[in-house]
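I wanted to go through this one with a notebook open and write down whatever I looked up. The entries are short and in the order I made them.

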Amino acid sequence: MTSSVKAVEALGITKRFGPTTALNGAEIAITEGETHALIGRNGAGKSTLVSILTGLQRPDEGEVRFAGEPAPPPADRDAWRQRVACVYQKSTIIPTLSVAENLFLNRQTERGRINWRTLRTRARQLLEQYGVDVDAETMAGDLGVEQRQLLEIARALSFGARFIILDEPTAQLDGPAIQRLFDRMRSLREQGVTMMFISHHLEEVYEICQSVSVFRDARHIVTASVGDLPHDRLVDAMTGEATAAYEYRTRTPGTSAPVVLSARALSLAGRYENVDLTVQAGEIVGLAGSGSSGKVGLAETLVGLHRADTGTVTVNGTEVRQGDVPSALRAGLGFVPQDRHHQGFVPLLSIAENATIPIAHKLGRFGAVSPARRRERGARMIEQLDIKTTGPDQPVADLSGGNAQKVVLARALADDPRALVVINPTAGVDVKAKHSLLGAVEDAADRGAGAVLVSDELDDLRICDRILVMFHGRIVKDVPRGWTDSELVAAMEGIDH
Amino acid sequence: MTTTKTSSPVSAAPRGRRIQFGRFRDLTLVPVIVVLLIAGSFVDPIFLTPGNLTNVLQQQSALALVVLAEALILIAGKFDLSLESTVGMAPAVGVMLVIPVAAGGFGLELPGILAIPLCLLVGGLVGAFNGFLIMRFQLSAFIVTLAMMIVVHGLQLGLTQGKSLFELPESFLYLGSATWLGLPAAIWIVGALFTVAIVALGYFRVGRSLYAIGGNADAARAVGVRVERVVWAVFVIGGIVAALAGVLETGRLGGISANQGVGWIFMAFAAAVIGGVSMDGGKGTILGALTGVLVIGLVENILTLKGVPGEWKQLVYGSIILVALMISRLAGGKAQD
């Protein structure tokens, strides 16, 4: 904006991994001082571009230039770090080491003995310089996600780079934390730092970025200033076709529909207090709130992952044993956990096997599981949820994030549950996958299931018939359909009551 | 460990807790040692005499070196079961290169003074081969070193035809039997090596890089640590230290039995883990591992003084390790990995 000097340029980059081409003649150019968004669906080549721009991988063809100069040789890590800093999607903080040591990892001292006192002082100065309010002596593993990320940003910038890549920094943050991150990004921009911002959330792109590049199928599609590329054209560029915005369906759950999931006077110290909740058949109830609102804890109690201190949970007319997942599943509940990588699937098992775990007993007699029937069920689920795969035998580990999440949802729906609890179903998945995931939840409701949807995404919550807003562990508001963003956010922040 | 999804407010760092328990975490076994010292003094009045305690230290010196080697490898996030076999095989091969055929040697009769350097070289080669298979060949450290444990011990049995070696050069026995300044040389050597390791891992970049590698190898790579090279070096050092442990043990006992070192690896793991070294890598200190060795040594000594019959020793031994684990878990406060 202020000048037309390119802080970073990548020209004609091609990178192959065996038979797959991750980048095919891709290019990007970012003007100095700009915050530039890089967007694309899962598998578009964003991650590969990041590792090439940070020098972790060499392109097969093409070149990278920083401020007009050719990039340093791959072995010269220090030279790379002085030109480009990166906050990776995967944390590079080492939890067993102190904050101070993490900041100066592998450069604790120029040579000779490490002076820990000096190191701590330097760490405090660095933390102060970037306004990170964390004690330098704390173990990094004791920090929250947001603090760890700030640590990564401070560390990345401390090498002197004026260009920083932020790879999906908002994926694990809640609303207020994202705003704090954006404030920080704005002030970095005022200091002249160039940024490349990767996110699946298009509204974030419009909020924080000046220009945007779209990648699709390993190629660069378009670069434009955000003002010239409205939302639907951005989505079109990502998907390569004109995609209509998601059409939210309307349902009219009769007041006489049976209650399929309910909680009475549920309390868990430190998470939530005195919560009452009823979900009728055919209804989708949203749970919204900030990260500390207790919404995830509540949802996890409903499925039996936690035992509440007091209160009862009833699934489909049966009072379930608290803290006992099998009992909730037996009563007819399906569940999509918050973190698919940790709780969602067994990566090395096939799609069919992952998706049929809860119904394995129905696929054979006397504890045996018929592989043929399992494959057949798997194939049906793949079709229903439009999972992109080579077949039901493919391990889930090979799937992209969105498709892996579909397998998790398929598993939750495997037994045609009467009650469904879905936590952050669209985290880290692209636009198209998002639509089919939300569609599948709505389908389940149309078939007569009652669903609880916990999400940090306002877009997801639009499929809900009503939304319960939680604040500091209490349900503070019951919002019917037809809400506006600002209304809901205000309730989530506890601004109105 | 890193799955905390909900972010806490930015200012959540406990500012008030200025005392950092982190630096005492490797000393959680000190109360256990104190209890053992008190208990021991009731069991037998001889227990607390300098002579007996020196004896405990000397007996544990060889095991202590294996623990040191294992702790280094564990901190770097790897595993080595073959160390115990190196304790027997390296000295045996080193000695067989210098002693005459009549005494069980190969007949090369190299100068006796070379026996120890050759022994250490053999240990280093075993470590290098482990490192090659694990880092270059990308095999699982557990399985590789399990196989190597059998291979290396089998090599010793084959070469010695299962016999013990007794006619050893004086120079080879010296380190394990000499007394310097009133204390056995072995204690000085172990003390010196632990000091070097504590300083290296506490105050030097290359030492700290072991923690970085064990904690998150990708992150270490991203900040420019040469992960493969460092881990390989750690395996080589581990092999050399284990060979030195064999030298000390040989000197103490005056011969190399066919079973020297067999079964030690479990004691070494127990000592390292109760001393706070994590099996998952990246956590624990050399000082902590040392306290683990002391606990094991004191327990063994008390059982001997108490006259516990040999058949029951294993049971008591194992139980006490479990109790020590529980105590250090309670004192350390964190779930063990």
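What follows are my notes on chain B, then on a few residues of chain A.

**Entry 1: chain B overall**

I remind myself that this is a predicted model. I counted the elements of chain B and got 13 helices and 2 strands. Then I looked at burial: of the 337 residues in chain B, 47% are buried. I also checked how far apart in sequence the contacts reach. Taking contacts in chain B with a separation of 6 or more, 77% are between residues 24 or more positions apart.

**Entry 2: H2(B) on H3(B)**

I started with helix H2 (residues 50-75) and helix H3 (residues 83-96) of chain B. At what angle do their axes cross? I get roughly 130 degrees, with the axes coming within 10 Å. Oblique is therefore the word for H2(B) against H3(B), since an angle has to be over 145 degrees to count as roughly antiparallel. I noted the crossing as right-handed.

Next I listed who touches whom. From H2(B) come B:Ala62, B:Val66, B:Ala69 and B:Glu70, and they meet B:Leu83, B:Glu84 and B:Val87 of H3(B). Sorted by class, this contact has 5 nonpolar residues, 2 charged ones and no polar ones.

**Entry 3: H3(B) on H5(B)**

I stayed with H3(B) and turned to its contact with H5(B). Here the angle is about 35 degrees and the axes are 8 Å apart. Which hand does this crossing have, left or right? I wrote down left-handed.

The H3(B) side of the contact includes B:Glu84, B:Ser85, B:Thr86 and B:Gly88, and further along H3(B) I find B:Met89, B:Ala92, B:Val93 and B:Met96. On the H5(B) side I see B:Met149, B:Val152, B:His153, B:Leu155, B:Gln156, B:Leu159 and B:Thr160. The class count for this contact is 8 nonpolar, 6 polar and 1 charged. I marked B:Glu84 in my list, as it appears in the contact with H2(B) and again in the contact with H5(B).

**Entry 4: H4(B)**

I checked the length of helix H4 (residues 115-136) of chain B. Its 22 residues reach 31 Å from first C-alpha to last, close to the 32 Å expected at 1.5 Å a residue. Its buried residues include four glycines, B:Gly123, B:Gly124, B:Gly127 and B:Gly131. Also among them are B:Ile116, B:Cys119, B:Leu120, B:Asn130 and B:Ile134.

What do the buried residues of H4(B) pack against? I find H3, helix H5 (141-160), helix H6 (170-177) and helix H10 (227-253) of chain B. After H4(B) comes B:Gln138, and its phi is positive, near 60 degrees.

**Entry 5: H11(B)**

How many of the residues of helix H11 (residues 264-274) of chain B are buried? I get 10 of 11, so to speak of it as mostly covered is fair. B:Trp264, B:Met267, B:Phe269 and B:Ile274 are among the buried ones. Just after H11(B) I noted a positive phi of about 100 degrees at B:Gly276.

**Entry 6: positive phi in chain A**

I moved to chain A and picked out two residues other than glycine with positive phi. A:Glu168 has a phi near 45 degrees and sits in the loop between strand S7 (163-167) and helix H6 (175-190). I count 19 C-beta neighbours inside 10 Å, so A:Glu168 is partly exposed; 20 would have made it buried.

A:Asp217 has a positive phi of about 50 degrees. Where is A:Asp217 found? I place it in the loop between strand S9 (211-216) and strand S10 (219-225) of chain A. A:Asp217 has 13 C-beta neighbours inside 10 Å and therefore counts as partly exposed.

**Entry 7: A:Ile387 and A:Arg77**

Buried or exposed, I asked of A:Ile387? It counts as buried because it has 25 C-beta neighbours inside 10 Å, and its place is the loop between helix H13 (371-385) and helix H14 (401-413) of chain A. Beyond four places in sequence, A:Ile387 is in contact with A:Ile351, A:Ile382, A:Asn403, A:Lys406 and A:Val407. I also took the C-alpha separation of A:Ile387 and A:Gly402, which is 8.6 Å across 15 residues of chain.

Last I looked up A:Arg77, in helix H2 (residues 77-83) of chain A. A:Arg77 has 20 C-beta neighbours inside 10 Å and so counts as buried. Its C-alpha is 8.8 Å from that of A:Leu56, 21 residues apart along the chain.

Terms used: Residues are numbered from 1 along each chain as its sequence is written. Chains are lettered from A and ligands numbered from 1 in the order in which they are written. This is a predicted model: local features need pLDDT of at least 70, side-chain atom pairs count only at pLDDT 80 or more; totals for chains, interfaces and linings use all residues. Axes are lines fitted to C-alpha atoms, for helices over the stretch in contact, and angles run from 0 to 180 degrees between N-to-C directions. Angles under 35 degrees count as roughly parallel, over 145 as roughly antiparallel, 65 to 115 as roughly perpendicular and the rest as oblique. A crossing is left-handed if the near helix is turned anticlockwise from the far one by less than a right angle, and right-handed if clockwise. Two residues are in contact if their C-beta atoms, placed from the backbone, lie within 7 Å. Ala, Val, Leu, Ile, Met, Phe, Trp, Tyr, Cys and Pro count as nonpolar, Asp, Glu, Lys and Arg as charged, and the others, Gly among them, as polar. The expected span of a helix is 1.5 Å times one less than its number of residues. A residue is buried if 20 or more other C-beta atoms lie within 10 Å of its own, exposed if 12 or fewer, and partly exposed in between; C-beta atoms are placed from the backbone.
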